[in-house]
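Subject: Structure handover

Hello,

Here is the structure you asked about, with the sequence. My notes on what was found follow below it.

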Amino acid sequence: MPRSRQLLQLRWGDMDAYRHVNNVEVLRLLEEARVRAFGVAGGDGSRSLLATGTVVARHEVDYLLPLDYRTEPVAVDLWVGRVGGASFEVRCEVREPGPADGDGGDARGGGGGERTYVRASTTCVAYDFGAGRPRRLSGEERARLAGLADGPAQG
């Protein structure tokens, strides 16, 4: 399964009055994971997906367990789901670090596998900043997205 795993440090300031990582800071973690996964040039010499122009159109977040502050990093697994003409879906899970190749057991941390704190989906849109409007995904971008797809890329 071609997923990208980013290990990210929490910050003391990410914690809120309820002593867990605030929901806004969870979105920051998801953003950091996307930037790390898409902000680098492809192994085939293709440009960074961020350099070609993308914007976030939608977030959908399920908070499964409270994520408490700790000094050890959390793992953010991300992969590409649906790919359309001008948009694509980035799926994410914020988890305890561990092997990325298992199903992680129960979504709420049971079954002896990794604990999953958050499941999220972000819709990104290819964007032409000069024209100020969405644009179609290029063949090069589709190839990069297919490399992170959890199954065959569609579109």
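A search of the whole structure finds zero disulfides. The sulfur of Cys92 lies 8.9 Å from the closest cysteine sulfur, which belongs to Cys124, and that is too far for a bond. Cys124 is likewise in no disulfide, its nearest cysteine sulfur being that of Cys92. Cys92 counts as buried at 2% relative accessibility, and Cys124 counts as buried at 4%.

Please keep in mind that this is a predicted model. The mean pLDDT of the protein chain is 82, and 81% of the residues reach 70 or more. Residues 100-112 need caution: pLDDT stays under 50 there. For that stretch the model has 20 contacts beyond four places in sequence. Where pLDDT is low, the predicted coordinates should not be read in detail.

Strands

Strand S5 covers residues 116-128. Ten of its 13 residues are buried, which leaves the strand mostly covered. Three pairings of S5 are described here.

- With S2 (residues 54-63), S5 runs antiparallel, and nine bridges join the two. In this pairing Asp62 stands opposite Arg119 of S5.
- With S4 (residues 87-95), S5 also pairs in the antiparallel sense, over nine bridges. Here Glu93 stands opposite Arg119.
- With S6 (residues 133-134), S5 is antiparallel and joined by two bridges. Asp128 stands opposite Arg133 in S6.

S5 and S6 form a hairpin with four residues between them. Gly132, in the turn, has a positive phi of about 70 degrees.

Arg119 therefore has an acidic residue opposite it in S2, namely Asp62, and another in S4, namely Glu93.

Salt bridges

How many salt bridges does a search of the whole structure find? The count is 13. Side chains of opposite charge can pair when their charged atoms come close.

Arg119 and Glu93 appear again in this part: together with Arg5, Asp77 and Arg95 they are linked in a network of salt bridges.

Other salt bridges include the following.

- Arg11 with Asp14: the closest N and O atoms are 3.0 Å apart. Is each partner buried or exposed? Arg11 is partly exposed, with a relative accessible area of 44%, whereas Asp14 counts as buried at 1% relative accessibility.
- Arg28 with Glu25: their side chains meet at 3.0 Å, N to O. Both residues lie in helix H1 (residues 23-38), three residues apart, which is about one turn of the helix. Arg28 counts as partly exposed at 23% relative accessibility. Glu25, at 18%, counts as buried because the cut-off for buried is under 20%.
- Glu60 with Arg58: the closest N and O atoms are 3.2 Å apart. Glu60 counts as partly exposed at 40% relative accessibility, and Arg58 counts as partly exposed at 48%.

To recap the main points: S5 pairs antiparallel with S2, with S4 and with S6. Arg119 of S5 belongs to a salt-bridge network with Arg5, Asp77, Glu93 and Arg95. Cys92 and Cys124 have their sulfurs 8.9 Å apart, and no disulfide is found in the structure. The stretch with pLDDT under 50 is residues 100-112.

Regards

Conventions:
Residues numbered from 1 in each chain as written. Predicted model: local features only at pLDDT ≥ 70, side-chain atom pairs only at ≥ 80, totals over all residues. Heavy atoms only, no water. pLDDT = per-residue confidence, 0-100. Contact = heavy atoms within 4.5 Å. Buried < 20%, exposed > 50% of the residue type's maximum accessible area, 1.4 Å probe, protein only. Salt bridge = Lys/Arg side-chain N within 4 Å of Asp/Glu carboxyl O. Disulfide = S-S within 2.5 Å.
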